[in-house]
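Me: I'd like to learn how to read helix packing, aromatic pairs and burial in a model. Could you walk me through one?

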Amino acid sequence: MTTLPASAPATTGAAFAHINAVTAPTIDDLKLMVFLEASGVKSYGGIAAHSDNAEIRALLEANGREELAHAHRVSKVIKLLSGEDFPPPADADNPYVPAVSPPLTRALLEGIVKAEHGGENLYESWAQSVNNAEAAALLRQNGKEEIEHGDRAAKALALLG
């Protein structure tokens with residue numbers, strides 16, 4: 001079983017605040033990111049379930065699937081940098097998976113757009129801080145997709161009306 005680092009924040013909000021302040025991640029920071037990215041499937045899926053619009057659901061669910069792909073890439077980065085296998089956790093073992101999804105609102109989508117677009121800069125700073133070209137490429141791929149996530153959330157926002 002994959003376990004959260006002992007130093008990890010207790011809440012999702014605190015975990016994101018910590019991660020967003022990191023410019024050169026430690027292995028524990030990368031492990032925390034695996035947990036956060038892995039929680040995206042359920043987070044986005046839960047938000048999507050609040051919409052009757054099939055296109056909005058599809059956009060948000062696509063983001064969730066890619067968040068899990070990000071978790072797998074960060075796991076590969078951990079393996080490259082430390083030699084440690086650290087697969088994404090099961091939902092039941094992930095304290096950042098929401099028990100209840102917030103309702104789909106304009107404000108929520110606006111926050112998602114901003115957060116996802118900021119993800120490119122975060123991953124780029126991380127890529128620049130690692131001394132491993134393959135790890136840096138994986139981090140940059142995640143950053144590129146964060147922009148796409150923000151763009152999808154913006155499309156969902158436009159569809160929300």
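Reply: Sure, and keep in mind that this is a predicted model. Let's start with α5 and α6, which pack at an angle of about 165° with their axes 8 Å apart.

Me: How do I turn that angle into a word for how α5 and α6 lie to each other?

Reply: Angles over 145 degrees count as roughly antiparallel. That is why α5 and α6 are called roughly antiparallel to each other. The crossing of α5 past α6 is left-handed. Sorted by class, the residues of this contact come out as 14 nonpolar, 7 polar and 8 charged.

Me: Now α4 and α6: what are the angle and the axis distance there?

Reply: Helix α6 covers residues 133-160, and α4 packs on α6 at about 165° with the axes 9 Å apart. By the cut-off for antiparallel, α4 and α6 are therefore roughly antiparallel to each other. α4 passes α6 in a left-handed crossing. The contact of α4 with α6 has 15 nonpolar, 5 polar and 11 charged residues.

Me: And how are α1 and α2 arranged, going by their angle?

Reply: Helix α1 runs over residues 12-21 and helix α2 over residues 27-38; their packing angle is about 135° and their axes are 11 Å apart. With that angle, α1 and α2 are oblique to each other, because the value falls in none of the parallel, antiparallel or perpendicular ranges. Here, too, the crossing of α1 past α2 is left-handed. On the α1 side the contact uses Thr12, Ala15, Phe16, His18 and Ile19, and on the α2 side Asp29, Leu32, Met33 and Leu36. Those residues divide into 6 nonpolar, 2 polar and 1 charged.

Me: Let's move on to aromatic pairs. How many does the structure hold?

Reply: The general idea is that a pair of aromatic rings is described by the distance of the centres and the angle of the planes. In this structure there are 2 aromatic pairs. One of them joins phenylalanine 35 and phenylalanine 86, 6.2 Å centre to centre with 55° between the planes, and it is tilted.

Me: Where do phenylalanine 35 and phenylalanine 86 lie?

Reply: Phenylalanine 35 sits in helix α2, while phenylalanine 86 is in the loop between α4 (54-82) and α5 (106-129), so the pair ties together parts that are 51 residues apart in sequence. Both phenylalanine 35 and phenylalanine 86 are buried.

Me: What kind of pair do tyrosine 123 and tryptophan 126 make, and why?

Reply: Their ring centres are 5.8 Å apart and their planes are at 70°, so this pair is edge-to-face. Tyrosine 123 and tryptophan 126 are 3 residues apart in helix α5, which means a separation of about one helical turn. Tyrosine 123 counts as buried because its relative accessibility is 0%. Tryptophan 126 is buried as well, with a relative accessible area of 0%.

Me: How about single residues? Is lysine 31 buried or exposed?

Reply: The cut-off to remember is that buried means under 20% relative accessible area. Lysine 31 has 12%, so it is buried. Lysine 31 belongs to helix α2. Setting aside neighbours within four places in sequence, lysine 31 is in contact with Pro5, Ile78, Glu84 and Phe86. You've met that last partner already, as the ring paired with phenylalanine 35. For a sense of distance, the C-alpha atoms of lysine 31 and asparagine 142 are 15 Å apart, with their positions 111 residues apart along the chain.

Me: Which residues does tyrosine 44 contact?

Reply: Tyrosine 44 lies in helix α3. Apart from neighbours within four places in sequence, its contacts are Leu60, Asn63, Gly64, Glu67, Ile112 and Glu116. With a relative accessibility of 6%, tyrosine 44 counts as buried. The C-alpha atoms of tyrosine 44 and alanine 115 are 13 Å apart, and these two residues are 71 residues apart along the chain.

Me: One more: where is serine 39 found, and what does it touch?

Reply: Serine 39 is in the loop between α2 and α3 (40-48). Not counting residues up to four places away in sequence, serine 39 touches Asn94, Tyr96 and Val97. Its relative accessible area is 3%, so serine 39 is buried.

Note on methods
Residues numbered from 1 in each chain as written. Predicted model: local features only at pLDDT ≥ 70, side-chain atom pairs only at ≥ 80, totals over all residues. Heavy atoms only, no water. Axes fitted to C-alpha atoms, helices over the stretch in contact; angles between N-to-C directions. Helix = DSSP H or I, 4+ residues; strand = E, 2+ residues; numbered from the N terminus. Parallel < 35°, antiparallel > 145°, perpendicular 65-115°, else oblique. Left-handed = near helix turned anticlockwise from the far one by under 90°. Contact = heavy atoms within 4.5 Å. Nonpolar A, V, L, I, M, F, W, Y, C, P; charged D, E, K, R; others polar. Phe/Tyr/Trp six-rings, centres within 6.5 Å; stacked < 30°, edge-to-face > 60°. Buried < 20%, exposed > 50% of the residue type's maximum accessible area, 1.4 Å probe, protein only.
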